[in-house]
Amino acid sequence: MAFHVSAEPVRLTLLTGFLGAGKTTLLNRLLADPAVTDTGVIVNEFGAVGVDHLLVESASDGLIELSGGCLCCSVRGDLADTLADLVDRMQTGRIAPLKRVVVETTGLADPTPILALLIGHPALARAYALDGVVTVVDALAGPANLAEHVEARRQAAVADRIVLTKTDLADAGAADRLRGALRDLNPGAPMLDAAKGEAAADTLFGCGPFDPNAKSTDVRAWLREEGGQHDHPHHHHRHHAPDIGSLVIERREPIGERDLRGFMEALAGAAGPGLLRVKGIAHVREAVERPLVLHGVRGFFHPPARLGAWPDGMEPATRLVVIGEGLDERRVRDLFAAFIGEPRIDAPDRQALIDNPLAVPGFRSLTG
Ligand SMILES: Nc1nc2c(ncn2[C@@H]2O[C@H](COP(=O)(O)OP(=O)(O)OP(=O)(O)O)[C@@H](O)[C@H]2O)c(=O)[nH]1
């Protein structure tokens, strides 16, 4: 690709962190800071239907969503195109010049190929100045994520700043052990506690140029490997567990809040530790004008937030994205149908599930 480069490169923050860690929440808080102006956002989502763009509250002109894949592999080319296109739009005056762009990766992204692209792509490296990798780590799910997912460890290892979230929910001892584990992975990055208000724009933006040589020997080796892969596109297969999949549940008719809660609890029980993330928007009978925003991270369901109205241009409908390891899509859909009252011919209906939770294989408990 070819494009003209302005004198002043756009500063770029890479915002990463495992599924549900709190990236979008942090981003919304940063964008709400009046000192943060002229900032564009690129959001990448894993899963067929994006919901993040509905949840980023106050984005400026530059909000762009990359959907349908994972930024670290299939969408890597798209990220390069998107960044090039953004520069082009600024230079041709179609959007106001941006001082900074925040790229939010999917929770499943290995950040090293993205960093290799940003450092190694000649035109991009001139147009954008990589100014910090901010990694969000969830104090509740973090320990399991680090133990089970190499992507989570890489996200922590490459960080210039680590933002701990959900320390308000976690046991203090567990949070301290997590800090120790993060320190081992990344001795250099300052660690900030979001719940204590430490993760502010002035600390997270302006990390200074990304310096691979200040990182651990592991990180330098990963970047070298990725840097060398421009010539070997076929090496790009290994970036996340092949067994992680996602599915989308959609329903236009409003649903009862209790049924919805029943479904979420049953899903957590049935999918067990393989359930990584549930998120979306729900069209509920009790408040058809005011959708619920749902967030489940592993087995934990955050208290749902109620929006004041449906986001502009969005038709009222429930849309849930479920991401997990070894998910049985059919079983998830059967469970939804059973709870929401649309039994399939060959699916056990809800009363049968309540009478006998084992009617769905692998299904453990209905409610706590
Ligand atoms: N109690 C508490 N909840 C938090 C905190 N940070 C984030 N959350 C909640 O965690 C849930 C997930 O947050 P998101 O910001 O959507 O997480 P994310 O990393 O963008 O998620 P994905 O993009 O799906 O990977 C939401 O319900 C947030 O309100 C925190 O510090 N404390």
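A residue is called buried here if 20 or more other C-beta atoms lie within 10 Å of its own. By that criterion, the buried residues of helix α12 are Val332, Asp334, Leu335, Phe336, Ala338 and Phe339. The model shown in all of the views below is a predicted one.

**Figure 1. Overview of the predicted chain.** The protein has 368 residues, of which 44% are buried. Its secondary structure consists of 13 helices and 13 strands. Of the contacts between residues at least 6 apart in sequence, 76% link residues at least 24 apart.

**Figure 2. The segment annotated as CobW C-terminal.** An unreviewed UniProt entry assigns the domain annotation "CobW C-terminal" to residues 244-340. Within residues 244-340, helix accounts for 28% of the chain and strand for 35%. The C-alpha atoms at the two ends of this segment are 26 Å apart.

**Figure 3. The shell around the ligand.** The ligand lies between domain 1 (10-235) and domain 2 (244-359), because both domains give residues to the shell around it. There are 21 residues around the ligand, and those that come nearest are Gly22, Thr24, Thr25, Gly107 and His295. Helix α1 (23-32) and strand β9 (275-282) each supply at least two residues of the shell. The largest share, 3 residues, comes from α1. Sorted by class, the shell holds 6 nonpolar, 9 polar and 6 charged residues.

**Figure 4. Val136 in strand β5.** Val136 is part of β5, which runs over residues 128-138. With 31 other C-beta atoms within 10 Å, Val136 is buried. Outside its neighbours within four places in sequence, Val136 is in contact with Gly17, Ala21, Gly22, Lys23, Leu26, Val163 and Thr165. One of these contacts, Gly22, is also among the residues that come nearest to the ligand. Gly20 is 116 residues away from Val136 along the chain, and the C-alpha atoms of the two are separated by 9.4 Å.

**Figure 5. Asp38 and Arg298, two loop residues with positive phi.** Asp38 sits in the loop between α1 and β2 (39-44). Its phi is positive, about 50 degrees, although Asp38 is not a glycine. Asp38 has 14 C-beta neighbours inside 10 Å and therefore counts as partly exposed. Arg298 belongs to the loop between β10 and β11. Arg298, also a residue other than glycine, has a positive phi near 50 degrees. Arg298 has 23 C-beta neighbours inside 10 Å and so counts as buried.

**Figure 6. Helix α11 and its cover.** Helix α11 comprises 15 residues, 257-271. From its first C-alpha to its last, α11 reaches 21 Å, close to the 21 Å expected at 1.5 Å a residue. Its buried residues are Leu260, Gly262, Phe263, Met264, Ala266, Leu267, Ala268, Gly269, Ala270 and Ala271. The elements covering these buried residues include strands β9, β10 (292-297), β11 (300-301) and β13 (318-325), together with helix α12 (329-340). Just after α11, Gly272 has a positive phi of about 60 degrees.

**Figure 7. Pro291 in the loop between β9 and β10.** Pro291 is found in the loop that joins these two strands. Pro291 has 27 C-beta neighbours inside 10 Å, so it counts as buried. Not counting residues up to four places away in sequence, Pro291 touches Ile281, Ala282, His283, Leu307 and Trp310. Leu267, one of the buried residues of α11, is 24 residues from Pro291 along the chain, with 21 Å between the C-alpha atoms of the pair.

**Figure 8. Gly324 in strand β13.** Gly324 lies in β13, a strand that is among the elements covering the buried residues of α11. Gly324 is buried, having 24 other C-beta atoms within 10 Å. Apart from residues up to four places away in sequence, Gly324 touches Ala271, Gly274, Leu275 and Leu276. One of them, Ala271, is a buried residue of α11. Between the C-alpha atoms of Gly324 and Leu118, which are 206 residues apart along the chain, the separation is 29 Å.

**Figure 9. Helix α12.** The 12 residues of α12 should span 16 Å at 1.5 Å a residue, and this agrees with its end C-alpha atoms, which are 16 Å apart. Among the buried residues of α12 are Phe336 and Phe339, as well as Asp334. Just after α12 comes Gly341, with a positive phi of about 85 degrees.

How values were computed
Residues are numbered from 1 along each chain as its sequence is written. This is a predicted model: local features need pLDDT of at least 70, side-chain atom pairs count only at pLDDT 80 or more; totals for chains, interfaces and linings use all residues. UniProt positions are given in the numbering used here, feature names are shortened, and annotations may be inferred rather than shown by experiment. Helices (H or I, at least four residues) and strands (E, at least two) are DSSP runs, numbered from the N terminus. A residue is near a molecule or strand if its C-beta atom, placed from the backbone, lies within 6 Å of it. Ala, Val, Leu, Ile, Met, Phe, Trp, Tyr, Cys and Pro count as nonpolar, Asp, Glu, Lys and Arg as charged, and the others, Gly among them, as polar. Domain bounds come from an automatic or database domain assignment. The expected span of a helix is 1.5 Å times one less than its number of residues. A residue is buried if 20 or more other C-beta atoms lie within 10 Å of its own, exposed if 12 or fewer, and partly exposed in between; C-beta atoms are placed from the backbone. Two residues are in contact if their C-beta atoms, placed from the backbone, lie within 7 Å.
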